[in-house]
Amino acid sequence: MRLRHPLVLIGSMGLAIGPAASSLPVPHAIARVQPDTPAQTGSTTSGSPAQPPQASRTDDSAKGVPVIKSEARVVLVDSVVTDKKGHYIRDLTAKDFRVWEDNKEQQITSISMGDDPAAPDYSQRKYLVLFFDTSTRDFLNQVVVRQAAVKFIDANVAPNRQMAVVDFGGSLRVAQNFTSDAERLKKAVADLSASSQSGTAGMRELDLVRALRFALTTLAKSLSTVPGRKTLVMFTSGFPLPPNIAPELTSEVMAAINECNQANIAIYPIDLRALIAGYQPDRSSLHSPVSMRSAHLVPATFHNSGNGVPGHSLMQPAVWAQIGRGQSGSGSMPGVPPAPVIPSTNQQVLDEFAADTGGFVIVNTNDMLGGLEKIGREQSQYYVLGYSPSESPEGSCHTLKVKVDRGGTIVRSRRGYCNVRPRDLLAGSTVEKRMESQASADMGGNITGSMEAPFFYISANTARVNLALEIPSDSIKFEKVKGKMHAEVNVLGIAYKPDNAIAARFSDTVNLDFADQREVENFTKTPFHYENQFEISSGKYVFKVVFSSGNESFGKLEKQLVIDPYNGNQFALSGLALSNQARRAPAQDSGSGFALLDRPRLIAQGMEIIPSASNRFKTTEAAAIYAEVYEPLLTGPNPPHVGIRVIVRDRKSGAKKLDIGVPNTDFSIEKGSPVIRLGLQLPLNSLTPGSYELQVGAADSAGHASEFRSSDFEVE
């Protein structure tokens with residue numbers, strides 16, 4: 001039996017493209033299914049999704065008035081501990097550690113290893129940046145560099161461990177944004193030689209280091225809102241520090257390090273000069289690296305791959321330069337005098353980057369892969385120490401020192417942190433305080449609006465919520481500022497736990513500028529569409545959003561938010577995003593500018609779905625459903641088929657109006673990915689005006705079935 005209104009790919013739909021409607025041809029149906037039957041895949045019967053609930057619906061309004069409670073502040077310090085031969089030590093307890101903040105010892109309240117499922121950041125996605133310094137182009141043609149990077153990518157990239165490739169040639173360029181797609185990353189590395197910039201010709205040493213500081217600052221700010229430890233592997237031939245301008249250069253280097261510390265980025269420089277034919281390392285590079293601030297130095301043999309390789313006139317024994325601090329025991333290697341603190345060699349800057357951020361330097365070796373393997377192993381070989389700091393102003397920065405009370409140990413950790421509230425642009429301002437009061441008060445707002453907040457799992461028991469908000473444009477107050485019509489829209493979102501504690505929050509300011517009043521009048525003809533994202537753990541919450549435009553008027557919206565438990569290795573379905581607008585997706589992570597960790601977009605079949613904030617559609621419109629299916633078996637040798645079932649019910653009577661199945665979603669499967677990103681048409685032309693409930697379920701041919709997800713919508 002053939003359905004009259006089968007689901008089709010959204011890439012083939014006539015969705016509105018941008019501000020104007022653009023009709024796209026609708027192809028023949030991609031699925032023919034029996035109505036009122038579970039989704040089936042080929043000749044194999046799949047597990048059937050549980051029947052969607054038909055019980056009485058609950059009201060989205062919250063009961064009671066939440067009381068804002070102060071958020072408990074915990075500082076997490078990542079610390080790598082090794083013996084003097086570089087072997088990781090994993091049997092330490094909280095009693096073995098001592099932590100100082102601003103020279104005041106702190107009480108450690110928690111400790112775990114980075115690979116411990118109980119660690120605070122275990123479920124968080126890990127980010128690693130491959131940073132290629134192309135300001136000196138000598139090494140770009142070295143095949144060994146690219147070969148080692150490719151092998152490192154293959155060994156370390158994973159769905160929960162994403163990498164990005166950037167290059168610095170006087171300015172920062174994203175060659176490949178964060179992804180777990182190894183092929184994209186390897187292609188970006190292979191293309192570096194052809195695409196890298198050459199903007200450093202004739203640059204003075206001071207200008208070059210200043211440009212590097214700006215690049216690292218930009219990168220650090222891009223990653224600052226992401227919790228947990230981030231890793232930057234820097235492929236470089238070093239940065240010169242001539243003695244005559246050493247103080248200025250040192251200041252630039254320390255500014256870059258401070259930004260990386262604030263973002264919790266550990267830097268692992270790899271000195272590539274040993275790969276350049278004819279390179280003769282200066283004597284200082286054969287000794288332990290020295291910090292500009294006299295960090296303790298401990299040399300350790302890393303690996304000696306031989307006396308030489310073809311094409312290289314001299315290969316010295318490899319040295320893994322480990323910069324320790326806060327260690328107990330003898331505190332230094334006997335017989336190794338400290339190098340003088342004179343910033344006169346290229347390696348000096350690399351030493352300092354590692355010393356102050358918790359990484360280590362790899363120098364004087366043609367065995368780059370061995371060094372990269374060491375970096376890869378270290379991604380889970382660190383302790384996470386937690387303590388509750390004293391109250392301090394937002395934005396204040398503090399020094400850190402970690403020590404282990406065990407002889408023969410070496411500790412590496414960042415040397416400072418700043419008290420910043422991520423993703424909260426209004427933090428501490430009078431505007432935010434007023435909006436917090438409005439969110440917690442019983443009084444509603446006087447500006448109408450609408451919002452939807454579908455969720456999408458990103459790791460075990462952690463989801464990303466995609467907020468779509470619609471505000472009446474005529475409620476936004478414009479004023480003439482410097483000859484232009486200017487307005488600010490402030491938005492505050494808070495998710496409250498059942499006990500009224502804050503589980504997640506964000507704040508934002510959107511600046512609107514138009515040339516004249518005529519442009520403002522055109523702007524006010526359609527509602528203002530706003531989007532944001534935040535991450536939250538599994539649980540039940542009351543989500544409130546307050547918005548205003550700098551006057552006494554404000555709007556307040558409220559919604560129940562339920563994120564089901566998810567262990568990261570189970571068959572599951574995301575929330576549902578509905579839309580009547582889409583646009584062709586730009587080239588994935590094209591890197592035309594610097595935009596690491598750009599907010600994930602809802603992309604399926606080459607189309608970017610713009611989530612609706614109202615879920616109100618006309619029968620003449622083309623509407624889309626976006627959802628994600630999480631199928632861990634897709635990464636195995638025998639991936640199953642996955643089917644989808646879509647049901648539409650009349651919201652008042654509960655009567656079933658549509659029951660459509662897609663027996664096979666292979667068209668949306670990306671090889672090697674456990675996530676299926678679906679974009680399907682919602683056939684509005686078969687519905688009369690009214691209020692409806694959409695229910696979507698998924699099942700695979702291995703017998704697994706998801707819960708049904710639901711979303712209300714209106715047809716006009």
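These notes go through the predicted model point by point.

1. **Overall make-up.** The protein has nine helices and 39 strands. Of its 716 residues, 54% are buried. Contacts reach far along the chain: among those with a separation of 6 or more, 78% join residues 24 or more positions apart.

2. **The largest nonpolar core.** This core holds 48 residues. Leu469, Phe478, Leu512, Phe528 and Phe543 touch the most other members. Take Phe528 as an example. Leaving aside residues up to four places away in sequence, Phe528 touches Leu469, Glu470, Ile471, Ser473, Ile476, Val489, Val510, Leu512 and Phe523. Two of these partners, Leu469 and Leu512, are also on the list of residues that touch the most other members. Apart from this core lies another, of 38 residues. Its members include Ala215, Cys260, Ala263 and Ile265.

3. **Helix α8.** This helix covers residues 430–440. Its buried residues are Glu432, Met435, Glu436, Gln438, Ala439 and Ser440. Note that Glu432 and Glu436 are on that list. What do the buried residues of α8 pack against? They meet four strands: β23 (484–496), β24 (502–514), β26 (539–548) and β27 (554–563). An α-helix has 3.6 residues a turn, so residues three or four places apart point the same way.

4. **A four-stranded open sheet.** The strand order is β5-β4-β16-β18, with antiparallel pairing. Which strands stand at the edges? They are β5 (104–106) and β18 (416–418). Each has a single partner strand, so one side of each is left without a neighbour in the sheet. On average, neighbouring strands here are turned by 35 degrees against each other, direction ignored. Within the sheet, β4 (residues 97–101) and β16 (residues 397–404) pair over five bridges. Val99 has Val402 in β16 as its bridge partner.

5. **The β8–β9 hairpin.** Strand β8 (residues 161–168) runs antiparallel to β9, and five bridges join them. Phe168 stands opposite Leu172 in β9. Three residues separate the two strands. In the turn, Gly170 has a positive phi of about 105 degrees. Is β9 (residues 172–179) mostly covered or mostly open? Mostly covered: seven of its eight residues are buried.

6. **Cavities.** Seven cavities of 30 Å³ or more are present. The largest has a volume of about 70 Å³. It is lined by Lys126, Tyr127, Leu128, Arg161, Arg229, Thr231, Gln379 and Tyr382. Strand β7 (residues 126–133) gives the largest share of that lining, three residues. Arg161 of the lining falls within β8 (residues 161–168).

7. **Two backbone angles to check.** Most residues other than glycine have a negative phi. Asn264 has a positive one, near 60 degrees. Asn264 sits in the loop between α5 (246–262) and β11 (265–271). It is buried, with a relative accessible area of 13%. Gln605 also has a positive phi, of about 50 degrees, and is not a glycine. Its loop lies between β31 (603–604) and β32 (607–610). Is Gln605 buried or partly exposed? At 24% relative accessibility, Gln605 counts as partly exposed, because buried means under 20%.

Conventions
Residues numbered from 1 in each chain as written. Predicted model: local features only at pLDDT ≥ 70, side-chain atom pairs only at ≥ 80, totals over all residues. Heavy atoms only, no water. Core = buried A, V, L, I, M, F, W, Y, C linked by side-chain atoms within 4.5 Å. Buried < 20%, exposed > 50% of the residue type's maximum accessible area, 1.4 Å probe, protein only. Contact = heavy atoms within 4.5 Å. Pairing = 2+ DSSP bridges. Axes fitted to C-alpha atoms, helices over the stretch in contact; angles between N-to-C directions. 1 Å grid on protein atoms, 1.4 Å probe; cavity = no way out; pocket = protein on both sides within 12 Å on 5 of 7 lines; lining within 4 Å. Points joined across faces, edges and corners; volume = space filled by probe spheres on them.
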